[in-house]
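Student: I am new to this protein. Please pick one part and take me through it closely, in short steps.

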Amino acid sequence: MNELTINLKPHSKTPLYEQIYRYIKENIQEGKIACGEKLPSTRALSAHLEVSRSTVELAYEQLLSEGYIESQPCRGFFASRLEGLYQLTRVKEEEEVLPREEKGWRYDFTPHGVDLRSFPYHVWRKLSKEILMDDRTELFRSGDSQGEYGFRRAVARYLYQARGVNCRPDQVVIGAGSDYILMLLSIILGTDHTVAFEDPTYMQAFRLAGDLGYQRVAVPVDRDGMQVAALMETGADIAYVTPSHQYPTGIVMPVRRRMELLRWAGEDPGRYIIEDDYDSEFRYKGKPIPALQGYDSRGQVIYLGTFSKSIAPAIRLSYMVLPEPLLERYKEQHRFINSTVSKVDQMIVQKFIEEGYYERHLNKTRALYKSRHDVLIEELKPLLGSCRISGEHAGVHLLLTFPEGKSEQELIQAAAGEGIRVYGLSDYQIHPGKEDQATILLGYANLTEGEIREAAGRLVEVWRKF
């Protein structure tokens with residue numbers, strides 16, 4: 001080959017050498033320049049394209065370094081074989097299959113919402129810059145499989161001060177998200193257990209337990225949470241509970257019921273309680289009851305928590321506090337499993353906690369959610385003659401229960417007709433029954449006060465017609 005027809009663009013932001021490099025590379029990848037075919041010399045190509053020889057030499061050097069061409073002494077440059085070369089597959093736009101978009105909702109009362117508009121971006125940038133300011137290669141090495149000690153110490157101190165959790169940093173295990181923590185816990189516990197779940201429950205954990213191979217049973221909840229008498233009849237040896245704010249009913253388990261649950265566990269040293277304290281930070285009436293783990297004197301409560309709900313969903317930082325017997329088992333048999341959270345992310349959140357930013361962020365977010373909570377309840381008052389509100393003292397959602405035989409599906413469809421997405425309690429029930437009462441969940445975290453007023457007003461209008 002004596003020449004290459006390359007349409008160079010001198011005024012492009014892409015340098016000329018890179019335009020030559022890309023042209024030859026793509027032609028080799030597509031087979032237009034065959035394996036073994038000779039390329040023009042740098043002198044000949046530079047004269048043909050009317051560019052400097054150094055420009056062509058830069059392009060050839062890049063192609064040589066990536067293995068697309070070979071240099072043979074006294075003979076010149078030749079296209080290489082592509083076998084063994086790493087290539088990114090080029091996908092034509094017209095062949096790209098895009099994910100199907102869900103129906104566009106004007107307002108979405110998801111109970112999983114988080115207000116990302118209040119995320120402290122400037123603080124996060126500042127902390128990230130401070131941590132990455134120096135060339136610290138150790139940040140990019142594999143860290144402690146249990147999580148970095150400094151971060152675990154910050155988590156342990158926070159849990160003691162905010163939730164009354166009694167633990168050492170040594171008992172804290174860090175993981176990327178609640179699903180990973182549950183999978184790691186299943187390895188530590190083994191799957192030869194029967195797990196009792198509240199009904200209704202957090203379905204993600206229920207489904208995951210089934211996929212992990214556990215036998216699962218449902219235990220109904222009453223006004224105080226999981227019914228311990230019913231739990232005793234199931235034969236379960238692990239109870240998965242959300243005592244600080246039962247999901248999704250919003251029930252706060254009183255101390256008396258907590259003591260009953262601990263007595264149930266104490267009857268057999270092989271029993272455990274998994275306490276999921278997923279959103280204990282948001283409470284609007286009275287002081288929060290300390291975590292169940294703080295009452296545990298036998299080492300039978302496994303405490304789970306996350307920063308995804310209080311900071312942002314993308315902050316995949318969750319943790320568990322292992323009681324002593326399980327901690328020893330973990331260290332002896334499973335500590336080889338590497339941590340799934342980068343050291344950089346752990347250090348950012350550690351500083352976020354230790355320097356007081358987390359406390360300020362929680363106070364700000366709690367005030368925002370409380371204001372939206374109050375607006376939603378105020379706007380729903382016209383419905384109070386035909387429904388009752390519950391679960392309103394904590395968390396980021398509340399429940400409306402219609403006792404007059406109204407259909408849950410009819411209420412959801414009526415809301416959908418206004419472009420409003422609401423959620424039925426039946427989606428969280430392990431054994432959905434034919435309820436005389438329809439219950440709707442309304443989350444308010446990711447809606448502004450103006451949006452809440454508008455959407456709640458529309459719901460009142462359409463639901464009052466039933």
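Tutor: Start with strand β9 (residues 238-241) and its partner, strand β10 (residues 272-276). The two run parallel and share 4 bridges. Strands count as paired when DSSP finds at least two bridges between them. Helices (H or I, at least four residues) and strands (E, at least two) are DSSP runs, numbered from the N terminus. This is a predicted model; local features need pLDDT of at least 70 and side-chain atom pairs 80 or more, while totals for chains, interfaces and linings use all residues. Residues are numbered from 1 along each chain, and side-chain values use heavy atoms, without hydrogens or water.

Look along the β9-β10 pairing. Ile238 of β9 faces Tyr272 of β10. Further along, Tyr240 is set opposite Ile274. The route from β9 to β10 includes helix α9 (residues 255-266), and the three elements make a right-handed β-α-β unit. To judge the hand, point the strands away from you: right-handed means the path from the first strand over the helix to the second runs clockwise.

Now turn to the faces of β9. Ile238 and Tyr240 lie on one side, Ala239 and Val241 on the other. These four residues are all buried (under 20% relative accessible area; over 50% is exposed, and partly exposed lies in between; 1.4 Å probe, protein chains only). Both faces of β9 are therefore covered.

β9 has another partner too: strand β6 (residues 194-199). Here the pairing is again parallel, with 3 bridges. Ala196 of β6 sits across from Ala239 of β9.

Follow β6 onward. It also pairs with β7 in the parallel sense, and this time there are 6 bridges. Val195 is the residue opposite Arg216 of β7. Helix α7 goes with these two strands: β6, α7 and β7 form a right-handed β-α-β unit.

Stay with α7 for a moment. The helix covers residues 203-211. Its buried residues are Met203, Ala205, Phe206, Leu208 and Ala209. They pack (contact means heavy atoms within 4.5 Å) against α6 (178-189), β6, β7 (215-222) and β9. That brings us back to β9, one of the elements that the buried side of α7 meets. After the helix comes Gly213, with a positive phi near 100°.

Next, go past β7. Strand β8 covers residues 225-226. It pairs with β7 over 2 bridges, in the antiparallel sense. Val221 of β7 stands opposite Met226 of β8. These two strands form a hairpin, with 2 residues between them.

Now put the pieces together. The open sheet has 8 strands. Their order is β5-β12-β11-β10-β9-β6-β7-β8. The pairing is mixed. At the edges are β5 (172-175) and β8, each of which pairs on one side only. In that order, β9 stands between β10 and β6, and its pairings with those two strands are parallel: 4 bridges to β10 and 3 to β6.

To retrace this in the view, begin at Tyr240 and step across to Ile274 of β10. Return to β9 and cross from Ala239 to Ala196. Then move from Val195 to Arg216 of β7, and finish by passing from Val221 to Met226 of β8.
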